[in-house]
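Here are a few exercises to work through with the model open beside you. Try each task before you read its solution.

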Amino acid sequence: MNVEPSAPSRSLAPGAERIFGAGEMPDRIRACDWSLTPLGPIASWPNALVIAVNAVLANQHPIFLFWGQDLIQLYNDAAVPNIGPDLHPAALGQPARAFWADVWPIVGPPAEAALRGQSGWNQDQLVPILRHGRVEDAWFTYSHSPVRDEQGTICGVLVTALETTPRVLAERALRYERERLLAVFQQAPAFFALLKGPQHVFDMVNPQFTRLTEGRNVLGRSIREAFPEAVEQGFVDLLDRVYQTGSPFVGRDVRFTLRDEAHAPDERRVDFVYQPLREPDGSVSGILVFGVDLTGRREAETMLREQRERFDFATDAAQIGYWFCDLPFDKLIWDARVKEHFWLPPDAEVSIQTFYDILHPEDRERVHLAIEDSIRNRTRYEVEYRTVSPEGEQKLIHAIGRTAYDAEGRPLRFDGVTQDITALRQAQDARSRAEEALMRSEKLALVGRLAATISHEINNPLEAITNLLYLVQESAVTETVRDYTRTAQQELARVSHIVTHTLRFNRQTNTATVERLSDILDSAVAIYEARLRHSEIQLTRDYADAARLLCFGAELRQVFANLIANSFDATKRGGRLILRTREQTNWKTGEPGLRVTVADTGTGMDAATLRHLYEPFFTTKGDNGTGLGLWVSREILTKHHASIRVKSRKAPAPKGTVFSVWLPLGPGSRQCVEGELPSGD
Ligand code: ADP
Ligand code: MG
């Protein structure tokens, strides 16, 4: 068949005069050689077909006419764009079923139904169509109706087809936009609600809004119905104003209280905006509510601030400084107090080098090791160290810290606190010194009581023996017995002396007397007269004290007696012992006083002995020593506000020991001219 797509021909086929009107399709139909189609030449077309074709061609709505059982298709000018340049004009005169085979499953059934007498109407039907070289999605709204001849026999189908593709696509884009916007609102961390009309009816809310309002069911209800409590809180007035004026309202940190039967009143804090929604004509049709719930955030902020205040108070009250440090020591943060502990101003820059620089040099290594140990072995870091100011002042700091690690066990941070314990330590030291002093005086009292008891017990038999010896001497038969008895009496006198003067030291009379020191020294030497004679030790007395001293003479005699006895004990045959007195002013205080030195060429003392010299019961003499001599001496000297010093050398030669006692001439003492006698005491 030849429905050739050439330009309309001027040579008209027979019967062409039956086709009316101007235009592309009337021309093509007139020019077409229809004799090659099942329709036959136009001259032979039944009247029904001619009338239908002329009606279709005259219409400006896109219309197809399918004629006969073969559904041979004809169409008008308006339908040309629907078919597209790829299939037009080839479509003219073709049997529809074959020509539209691809889409016949879609467009065929209504056409076949029309052939059976049924009309139909389809809206926005998708018909993929070959156009512009490819298959395009196209949408059509079309209707089918049977065409009957004058006998009522169905002889064709009339299809009006309006392409709706642009509108369908536009609607689809709009729907997509709207859905996307809704999705954004649904997921937004903000709450959102759409209110419609002057009654502010909830049209749409997102999950955040539902959460904010504790799941209250609001859709389709007005604000007054959904939130009666919003009326008294002024929100409805606000909405009314926005609706009436058309200007938005922005609320910052606004509180409102949810109040219903099911829940306790619950205060919310929100930032929000009421945005009026306008119609194309400018009138307001609704309000968009959009905002952020601050309730949790404000609470968190408040909690954080309160914690911070408590922390600051605690560290402030405890005078604690805190430091934070990223490992490996690349970032250090010290608070003002840590800086104070390190003698630094609050705005000082610090590094790990600063830390070690200000540490006392003797403490650096120890602290360094402690830090390393804590980081490596996950132990608590706790040290005391000294910090040194540029002027050389020191603070004693107690530091506690710990290391934080990441999931892989790598050390992350080394944080902690510092405390200045200088004053605390000084107070502790003072307390323990006071305790020591107390203990010492308690011991002294104990020993004193013990000694007093012993001396009391010994004194009576001593007196008896003394008397008996006197009787023995008086009645002695031979000179030898008399000599022995005399020696016995002398030794007994020594024992008596020790008992009364050494053991009863704390029972000494409390009455002070004015005495010459050299006299006291001589009386002390007298005790050892016999020993001195046998020992071949050379004793030198070098006295130069004129002033008389107000003192407890018997007690001072005990002091010097012990010093002399110790020298004897330490000095070998042929050694020397020097007793010296001098008037000497204390160079520090300018106070007048007397100095006594007891020097020997004895064994000397080692460092350990020197360290324990004044401790009670410390002796190197085994059973021959009590270790109480120097201890008691010091107590006695303290009572006299006197001081005692020792210098000793064990090796190399010359060996020896010098004890030196300085006694202040108190107000009761007298400066005397040599030779002057003391006026009566
Ligand atoms: P004691 O004489 O009973 O041992 P002291 O308190 O008098 O007790 O002396 C304590 C110790 O001090 C003596 O044991 C002795 O070791 C040492 N010492 C004291 N004076 C001298 C001295 N002049 N030379 C060497 N050692 C001495
Ligand atoms: Mg002694």
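**Exercise 1: The shell around the ligand**

By class, the shell around ligand 1 holds 6 nonpolar, 12 polar and 2 charged residues. Keep in mind that this is a predicted model.

Task: Find which residues come closest to ligand 1, and which elements give two or more residues to its shell.

Solution. Start with the shell as a whole: 20 residues surround ligand 1. The closest of them are D600, T619, T620, K621 and L630. Next, locate the ligand in the protein: ligand 1 sits in the largest pocket. Then turn to the elements: α19 (553-570), α21 (629-639) and β24 (656-664) each give two or more residues to the shell. The element that gives the most is α19, with 4 residues.

**Exercise 2: Polar contacts and cover**

Task: Locate the protein partners of the oxygen atoms of ligand 1 at N566, G627 and L630, and say whether each is a side-chain or a backbone atom.

Solution. Take the cut-off first: a polar contact is a pair of N or O atoms within 3.5 Å. At N566, a polar side-chain atom lies 2.9 Å from an oxygen atom of the ligand. At G627 the partner is a polar backbone atom, with a distance of 2.9 Å to a ligand oxygen. L630 also offers a polar backbone atom, 2.8 Å from an oxygen atom of ligand 1. Finally, check the cover: on its own, ligand 1 has 530 Å² of accessible area, and the protein covers 95% of this.

**Exercise 3: An aromatic pair**

Task: Classify the ring pair formed by F64 and Y75.

Solution. A pair of aromatic rings is described by the distance of the centres and the angle of the planes. The model has 26 aromatic pairs by the rule used here. For F64 and Y75, the centres are 5.7 Å apart and the planes make an angle of 45°. Planes under 30 degrees apart count as stacked and over 60 as edge-to-face, so this pair is tilted. In the chain, F64 belongs to strand β1 (residues 63-67) and Y75 to strand β2 (residues 72-75), 11 residues apart.

**Exercise 4: Backbone exceptions**

Task: Inspect the backbone at P89, P652 and R378, and place each residue in the chain.

Solution. Most residues other than glycine have a negative phi, and most peptide bonds are trans.

- The peptide bond from H88 to P89 is cis, with omega near 10°; P89 is in the loop between α3 (80-83) and α4 (96-99).
- A651 and P652 are also joined by a cis peptide bond, with omega about -5°; P652 lies in the loop between β23 (643-649) and β24.
- R378 is not a glycine, yet has a positive phi of about 55°; its place is the loop between α14 (361-377) and β15 (381-388).

Methods
Residues numbered from 1 in each chain as written. Chains lettered and ligands numbered in written order. Predicted model: local features only at pLDDT ≥ 70, side-chain atom pairs only at ≥ 80, totals over all residues. Heavy atoms only, no water. Near = heavy atom within 4 Å. Polar contact = N/O pair within 3.5 Å; in protein donor to acceptor, adjacent residues only side chain to side chain. Areas by Shrake-Rupley, 256 points an atom, 1.4 Å probe, with all protein chains shown as cover. 1 Å grid on protein atoms, 1.4 Å probe; cavity = no way out; pocket = protein on both sides within 12 Å on 5 of 7 lines; lining within 4 Å. Sits in = over half its atoms within 2 Å of the grid points. Nonpolar A, V, L, I, M, F, W, Y, C, P; charged D, E, K, R; others polar. Phe/Tyr/Trp six-rings, centres within 6.5 Å; stacked < 30°, edge-to-face > 60°.
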